[in-house]
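Have a look at this model with me, and let us talk through how its parts fit together. A few questions and answers should help.

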Amino acid sequence: MFLKTITFAGAFALLGSTAIAGCGISSGNVSILSNDFPAIQAVTSAAATCAGDGVTVETNLTKDHKDIMVAALTANPAQYSSVIVSNSTLVTLMNDGLLRPLDEMVAKYGAALNKNQLITVNGKVMAVAFMANAQHLFSRVDVLKAAGVDSIPATYEEVLAAAEKIRAADLMEYPVALNTKAGWNLAEEFVNMYMGTGADFFKPGTAEVAINNKHGVATLEMLKSLVAYSNPDYLTYDSNATQAEWEAGNLALATMWGSRGSAVLDDEGSTAEVVAGTVLSAAPSWGNGPRPASTLWWDGIAISTNVSDEDAEATFAALMNGISPEVVKANNDAAVWLVEGYMPSPASVGVAGTASGGAAPYPMIPFMGALHGAIGAEISDFLQGSESAEQALIDVEAAYTAAAKEQGFLK
Amino acid sequence: MKNRTFFWFILPSLITMLLFIALPIVSVAVQSMHIEHEAVMVEVENCGPFGCKKELQIDVEETAKLKEERPLGQFNGIGTYTNRNHLAFIEIGLALQSSNGFLDFISKALNLPFYRALAFTLTYTFIVTPLVIFFGFIIALGVNTLPKRIKGPTIFISLLPMIVTPLIGSLILFWMIDANGILGSALQRIFDDPNLSLKASPALTWIMLMVYGVWHSAPFAFIVFYAGLQTVPGDTMEAAMIDGASRWERTRYVVLPHLMPLTVFILLIQLMDNFRVFEPIVSFSAQASATSLSWIIYNDLVGTESQFFGSAGATSVLTIIGVGILLIPVLIRTWRDFNQKVV
C-alpha cells in the first residue's frame, strides 16, 4: 500500500514538477533549524541555493535541535523561520502555538506535493512531510544461514529462536542489538514493542496512562528476552553504537532506524562480507499482535508563527525547492522520501515493509512526551533484574502522573 | 578601611552578585512553586502520510488566554517538591508503613528517582573528596622533591586531567574502558573473564565514575598543595631536622598543620563540586546505573521533548539546600578559627 503510493506518486511526478521555476521568491530571510542527517542536509542545502538578490538563507543543523526549538521560536521575531519537525516535535511546538497554518502557502507553492505529504491537524495543514522513517529489522543472512536459519525472522519469537541458534553454533555470543541506551532510546523500544500489541497507551479521550496491563508486562518480558542476547553494555547503545557494531560485523539481528540503512549498505565503514550479507526487512510483529512492533515517523517542514508573512512565504518557497523532485532524484538512497519521483531502493524496503504491514505512526498526543520520558527513566531497573515487570510499570505510571500533573494534563 | 570606602569598594561586586547569583536563584525558587496551566484539550482529527486518527490536542487559543492572565502558571506551593519525582512524601510514608525491616525500606526509597540520585551523589561526594585531597597531597609532596629541571614538565603533565574538559575527558575514558578499548580489554585479560564489562553492572559503573572523579580533581588539590608547600617556613623545618625528626614526622607535625587552611579550602570547593557531579554520568551513558541531582535537572530540561521548568527548579533549590547542609560544618569551623584569631 505504502510502496504503491510512492510509485504511483512517481508516475504523476511530471504533472507538478515545473510549478516552481527557480525558487519564485524575491526577498525575505530564511533560517532553518533541524536535526542533522544526510537526507536533511540534502534538503537544506538545496533550499540554500535560493539565496541571493534580497533573499538570505541560514541553516542550523544540530542533533540538539529539539532542546532549543521552543525557546528559539517563542522569541518574537523568532530566531528561525522554519523548523524541520517530526511527529513528536510538531506536537511540542503546536502546544505553544509556535507554528502557523500552511494552507495558503501550500495552495500557492505546493502544486507538486502529494496529498499524503500534508500533515493536517483539525483540518489545517501544519506541516509538509518529505520523508518517512521507522525502526525495523536488519539481518545478516550469511550468519543466519551458517546457523541453519533459512528465512529472515518475521516475528520477535523467530528472532529469539534464531539468536539462540547463532549462539549455540558458537558464531556470536551476542547476536542481537536494539537501540537500548537508557532514556529516550530505550523508551522508544518499549513504545515500538507495545505498539505491536495493538493496545492503547492512554485511556481513550483522557491523559490517564494505561500501560500497567498484561500487554505492558509482556512487552517488558519480550525486551528482556531480547537483551539477553545483546552485549552486556546494551544500556549504553544508541543508534551510533548499534550502527558501528553492525558495521564491525559483531551483530546478526538488530532493530535499527531506517535512516541508517543507506549508511550500513554503502561501501564505507564496513567489510564487503558484512554489506553483502545485510538484508533489511519490515519490523517483526510478536505475540500474535495485529501489526509490526514499530512506530512510523515522518520528517517535515513547519513554519514559525512569530516571523513576518514575507519571511514565512520565502521560507516555504525555499524549502519547497529543497524537497523538489530533482533533489530527491539526486539523493534517492538517502531516505524513504514521500516526494514524487522517489524510487524505492534496498535501503528503503524495511521502512516501506513496516508501513505496508500496518504499523502505526508514533502518537501525536501532547502528553506522549511525558510518558516517553517516564518509560526511559524507569524500565532499566527491570531489565537489569532488580525489580519485577509489574513494579517497573507501576513506577512508570507514577512518574508519568507526577510529570503530567506538572504540565497541566492531569489534575 | 573606613566603612564608607569599603562600601564603595565592594559595591560593584555586590551588584553583580545580586544580578547574576541572587536574582536567578529567586527566580528559580519562584518557578519551582508553579506548574503549568491546566491544558484545555480538544479532540481533533490528525492526518498524515500514514492515515488519519482522532487524537487529543491542546486548544492553543484557550491556553494562550490562560497564559496571558497568569504568565507564571498555576501556583502549586511546595506541591512539586513533595511529589513522587522529588521528595515523595506520600510514597516514603507508605514505604515506612509497609516495609518489613530497614533494608526493605531503603530499597523502596531507592526506587524513587530523587533518593536514587541522592544516594549516588552523596556516596560520590564522600568517597571522591577525601581521595582527591589524599592523592593531591601525595603528588604535591612527590613533585616537590623532584630536581628542578624536570619539575616544570611533571607539573604540566600532572595538571592535564584538570585541563581536559570534563565531558571530553570522561568520553575518552568511556571509550578506553569499552570491551574493545585498551583498558577494558586489559582488565578482561587480567581477570581472565571475557565477559567483564565496566558499563554493565551498577557497582562497577559507580566505581568507574568515582575513579574518574578522583582522576579529574586530584590535580586541583595537587596544585593548591604544591603552592602551599613553597611557603613552608624553612626555619621550622630546619629546627625539626636538628631535633632529629624523620621525614614522616616533619610532614606530620610541620607541613600538615601549616597546610591545614588550604585543606579546608580544597574541602569546601570539592564538596561543592562533587555534590554537583554531572558530566561523567552523561559521557559514560551511566544513567541506568547512576544518576545525580544535577543530572535530574539536566534531564528535566533537555532529556525529553517538553521541558519541566517547575521540576527542574525544585531539584535546583533542593541541590542548593544540600550544598548548604554539607558546607555548614566546614563553615562553622572556619568561623570559629577566624574569631579566635581576632581575639
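The questions below go from the contact between the chains to a strand and some helices.

This is a predicted model, in which local features need pLDDT of at least 70, side-chain atom pairs count only at pLDDT 80 or more, and totals for chains, interfaces and linings use all residues. Residues are numbered from 1 along each chain as its sequence is written, while chains are lettered from A and ligands numbered from 1 in the order in which they are written.

Q: Which element supplies the largest share of the side of chain A that touches chain B?
A: Contact here is defined by C-beta atoms, placed from the backbone, that lie within 7 Å. By that rule, 50 residues of chain A meet 42 residues of chain B. Helices and strands are DSSP runs (H or I, at least four residues; E, at least two), numbered from the N terminus. Several elements of chain A supply at least two residues each, including helix H4 (65-74) and helix H19 (389-406), and the largest share, 7 residues, comes from H19(A).

Q: Which residue of chain B stands opposite Thr120(A)?
A: Two strands pair if DSSP finds at least two bridges between them. Strand S4 (118-121) of chain A pairs with strand S2 (residues 41-48) of chain B in the antiparallel sense over 2 bridges. Within S2(B), the residue opposite Thr120(A) is Cys47(B).

Q: How many residues of S9(A) are buried?
A: A residue is buried if 20 or more other C-beta atoms lie within 10 Å of its own, exposed if 12 or fewer, and partly exposed in between, with C-beta atoms placed from the backbone. Thr295(A) and Trp297(A) are among the residues pointing one way from S9(A), with Leu296(A) and Trp298(A) among those pointing the other way, and all are buried. The strand is mostly covered, and its buried count is 9 of 9.

Q: In what sense do S9(A) and S11(A) pair?
A: S9(A) has antiparallel partners in strand S3 (residues 82-86) of chain A, over 5 bridges, and in S5(A), over 6 bridges. With strand S11 (residues 360-361) of chain A there are 2 bridges, and Leu296(A) stands opposite Pro361(A). The sense of the pairing between S9(A) and S11(A) is parallel.

Q: How many of the residues of H11(B) are buried?
A: Helix H11 (residues 234-242) of chain B is hardly covered. Just after H11(B), Gly244(B) takes a positive phi of about 85 degrees. Among the 9 residues of H11(B), the buried count is 0.

Note on methods
Two residues are in contact if their C-beta atoms, placed from the backbone, lie within 7 Å.
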